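Welcome to this tour. Please open your viewer and get ready to select residues as we go.

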Amino acid sequence: MDILGIDVGASGIKGAVVDIKKGGLVTLRHRIPTPHPATPKAVAKSIAEMAEYFKWRGKIGCGFPAAIHKGIAVTAANIDKKWVDENAEKLFSKTTGCKVKVLNDADAAGLAEANFGAGKGIKGKIMLLTIGTGIGSALIVDGKLVSNTELGHLRFKGGIAEHYAADSIRKRENLSWKEWAHRFDEYLNHVYRLFYPDLFILGGGASKKFDKFKDHLTPPVKIVPATLLNEAGIVGAALAWK
Ligand code: BGC
């Protein structure tokens, strides 16, 4: 079955038609800059523009950077605060005229990697962390997603974990890869001791530079970069319909 997968990120909204059986894109990706401010009204307009671009009339799956409960955004850490309590599914369904399912963006990436990427065929607990503007997390246990883990928001070092170890902090504080890797490693060990996953998959922007920091990561478990890279968010968004 083909689904239009859309990944809403801090700087870009990316979409493509996805074959959810094979987990691959059947069209090229299309990118629209995320509107600023990224209010519900403005983002909904971009989602409609995306559906229009693909002349889409079928189902849509959308990954969104907030905890999503029954289609409703319940947090808004790195997106406009007006999203809190907004029913994203209803809003996007209305503006596109299509049936839309919305899930957390990291949950989407986790589903994609567990089904078709670095976690394919792995039984047990998979923990995917996306390292970008914030830190997103997805926990997949024997193929089942435990949604909205939001581990970037753990209390850590007297603050919020993603404010200490996200890739945006590396850039903002001008940290060397080694300095940042030390911070991220402290956080990774913390998460490791909370869940004892069988596999860590690291996704998001920083994962493309995995070679620059992998040697500094110390949890005694397999740690691999995501393999679907730019496609994980889109493929996973479409998998909301699987
Ligand atoms: C948000 C998460 C999101 C992550 C990555 C965090 O700030 O709270 O919901 O998955 O950023 O976008």
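A residue counts as buried when its relative accessible area is under 20%, as exposed when it is over 50%, and as partly exposed in between (1.4 Å probe, protein chains only). Helices (H or I, at least four residues) and strands (E, at least two) are DSSP runs, numbered from the N terminus. The model is predicted, so local features need pLDDT of at least 70, side-chain atom pairs count only at pLDDT 80 or more, and totals for chains, interfaces and linings use all residues. Residues are numbered from 1 along each chain as its sequence is written, and side-chain values use heavy atoms, with hydrogens and water left out.

**Stop 1: strand β2**

Select residues 12–19, which make up strand β2. How many of its residues are buried? Eight of its eight are, and the strand is mostly covered. Now look at the two faces: Gly-12, Lys-14, Ala-16 and Val-18 are buried on one side, and Ile-13, Gly-15, Val-17 and Asp-19 are buried on the other.

Next, bring in the partner strands, where two strands pair if DSSP finds at least two bridges between them. Add β1 (residues 2–8), which pairs with β2 in the antiparallel sense over seven bridges. Three residues make the hairpin connection from β1 to β2. For a landmark, click Ile-3, whose bridge partner in β2 is Val-18.

Val-18 also leads you to β3, where its bridge partner is Leu-25. Strand β3 (residues 24–25) and β2 are antiparallel, with two bridges. Their hairpin has four residues between the strands, and Gly-23 there takes a positive phi near 75°.

To finish this stop, show β4 (residues 30–33), which runs antiparallel to β2 and is joined to it by four bridges. Here Gly-15 has His-30 as its bridge partner.

**Stop 2: the aromatic rings**

Rings of Phe, Tyr and Trp (its six-membered ring) pair if their centres lie within 6.5 Å; planes under 30 degrees apart count as stacked, over 60 as edge-to-face and the rest as tilted. The count comes to 14 aromatic pairs. One of them is Trp-83 with Phe-92, an edge-to-face pair at 5.9 Å centre to centre and 65° between the planes. Both of these residues are buried.

Then select Phe-184 and Tyr-187, a tilted pair with 6.0 Å between centres and 55° between planes. Both lie in helix α6 (residues 177–195), three residues apart, about one turn of the helix. Phe-184 is buried at a relative accessible area of 0%, and Tyr-187 is buried at 0% too.

Widen the selection to the aromatic cluster they belong to: Phe-156, Tyr-164, Trp-177, Trp-180, Phe-184, Tyr-187, Phe-210 and Phe-213.

**Stop 3: charges over rings**

A charge sits over a ring if NZ of Lys or CZ of Arg is within 6 Å of the ring centre and within 35 degrees of the ring normal. Stay with Trp-177 and add Arg-170: its charged end sits over the Trp-177 ring, 3.8 Å from the centre. Then go to Lys-101, whose charged end sits over the ring of Trp-241, 4.5 Å from its centre.

**Stop 4: two cysteines**

A disulfide is a pair of cysteine sulfur atoms within 2.5 Å. How many disulfides does this rule give? The count is zero. Select Cys-62 and Cys-98 to see why: the Cys-62 sulfur has its closest cysteine sulfur in Cys-98, 12 Å away, which is too far for a bond. Cys-62 is buried at 0% relative accessibility, and Cys-98 is buried at 5%.
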